[in-house]
Amino acid sequence: MNTFTLIKKDGTQIKTPYTVVDGVEMITGHFSRAEFDTGHEKNALFFEPSLLLLEHVRIKAGVPIEGSSGFRSSIKQKLIWNQYLADCKAQKIKPIPGTVANPEKPFPHGTGAAFDLFRPENMALANFIYLFRGSCRELNLPLCRIGWKDYANQPQIYRHSFIHVDLVFMLYTPYTEISNPHPTYWKAGVEW
Ligand SMILES: [Zn+2]
């Protein structure tokens, strides 16, 4: 399928074709479908405010930022969940709640508002995180959620340093009429 569903800030959804540039399907000016449509069992969803944030950060960074994950179907999330449990078992460590979302419940990457991004090689982790916080302020967005502690400091499980960024809470009350399935964790500024 060469279209994705773009979810606007007010929750309306629009079928949108990927923009093809030199044979590559693009979602924004700098990020491709291959980076963010990571679960091909169904049409990918992408939340427009998250895409605006990523593009703003990319332009401010001035260097390539590689995406490692974006939209995931529940089938894909289940594969990642099972792999995580297997990795933990192999290394005899306990799964850390929240490190990988359980596919049985609503999970961030299933909403289209969550993205994982590799840290650019020559950028300190703190600067990378700061770029996202600053960009939220500049774009008048509520502060995004950022996951890094469980990913950037666990090389035994994750070979690459990446951060998770999302605006998943904006899809629910008080931003829309839909009730938030995880009000304790899905709120502005949460960091883990
Ligand atoms: Zn993530």
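In what sense do β8 and β9 pair, and over how many bridges? The two strands pair in the antiparallel sense, over three bridges. The structure is a predicted model, and this report describes two of its sheets and the helices α2 and α4.

## The four-stranded sheet

Strands of a sheet pair through backbone hydrogen bonds, and the pairing is either parallel or antiparallel. In this model, β8 and β9 belong to an open sheet of four strands, in the order β6-β7-β9-β8, with antiparallel pairing. At its edges are β6, residues 67-69, and β8, residues 145-147, each of which pairs on one side only. From one strand to the next, the twist averages 30 degrees.

The pairs can be followed across the sheet. β6 is joined by two bridges to β7, which covers residues 114-118, and these strands run antiparallel. Here Gly-67 is found opposite Leu-117 of β7. β7 is in turn joined to β9 by five bridges, again antiparallel. Phe-118 has Phe-162 of β9 as its bridge partner. On the β8 side, Arg-145 has Asp-166 of β9 as its bridge partner.

## Strand β9

Is strand β9 enclosed by the rest of the structure or open? The strand covers residues 162-166, and five of its five residues are buried, so β9 is largely enclosed by the rest of the structure. A residue counts as buried here if 20 or more other C-beta atoms lie within 10 Å of its own.

Both faces of the strand are covered. Phe-162, His-164 and Asp-166 are buried on one side, and Ile-163 and Val-165 are buried on the other. Two of these residues appeared above as bridge partners: Phe-162 is the partner of Phe-118, and Asp-166 is the partner of Arg-145.

## The three-stranded sheet

A second open sheet has three strands in the order β2-β1-β5, and its pairing is mixed. β2 (residues 13-17) and β5 are at the edges with a single partner strand each, so one side of each has no neighbour in the sheet. The twist in this sheet averages 35 degrees from one strand to the next.

The two pairs show what the mixed pairing consists of. β1, residues 3-7, runs parallel to β5 and is joined to β5 by three bridges. Ile-7 has Phe-47 of β5 as its bridge partner. β1 and β2, on the other hand, are antiparallel and pair over five bridges. In that pair, Phe-4 is matched with Thr-16 of β2.

## The hairpin loop and Lys-9

β1 and β2 form a hairpin with five residues between the strands. Within this hairpin, Gly-11 takes a positive phi near 95 degrees.

Lys-9 is also in the loop between β1 and β2. How many other C-beta atoms lie within 10 Å of Lys-9? There are 15, and Lys-9 is partly exposed. Leaving aside neighbours within four places in sequence, Lys-9 is in contact with Glu-48 and Pro-49. Pro-49 is one of the buried residues of α2. Between the C-alpha atoms of Lys-9 and Phe-132 the separation is 18 Å, and these residues are 123 apart along the chain.

## Helix α2

α2 has 14 residues and reaches 20 Å from its first C-alpha to its last, close to the 20 Å expected at 1.5 Å a residue. The helix lies across β1 and β5, and runs at about 70 degrees to β5. Just after α2, Gly-62 has a positive phi of about 70 degrees.

Which residues of α2 are buried? They include Pro-49, Ser-50, Leu-51, Leu-53, Leu-54, Val-57 and Arg-58. Among the elements that cover the buried residues of α2 are β5, β7, α4 and β9.

## Where α2 meets α4

α2 (residues 48-61) packs against α4 (residues 125-138) at an angle of about 115 degrees, and their axes are 9 Å apart. The crossing of α2 past α4 is right-handed. On the α2 side, the contact is made by Leu-53, His-56, Val-57, Lys-60 and Ala-61. On the α4 side, Leu-131, Phe-132, Ser-135, Cys-136 and Glu-138 take part. Of the residues in this contact, six are nonpolar, two polar and two charged. Leu-53 and Val-57, which take part in the contact, are also among the buried residues of α2.

Key
Residues numbered from 1 in each chain as written. Predicted model: local features only at pLDDT ≥ 70, side-chain atom pairs only at ≥ 80, totals over all residues. Axes fitted to C-alpha atoms, helices over the stretch in contact; angles between N-to-C directions. Left-handed = near helix turned anticlockwise from the far one by under 90°. Contact = placed C-beta atoms within 7 Å. Nonpolar A, V, L, I, M, F, W, Y, C, P; charged D, E, K, R; others polar. Pairing = 2+ DSSP bridges. Buried ≥ 20, exposed ≤ 12 C-beta atoms within 10 Å, placed from the backbone. Expected span 1.5 Å × (residues − 1).
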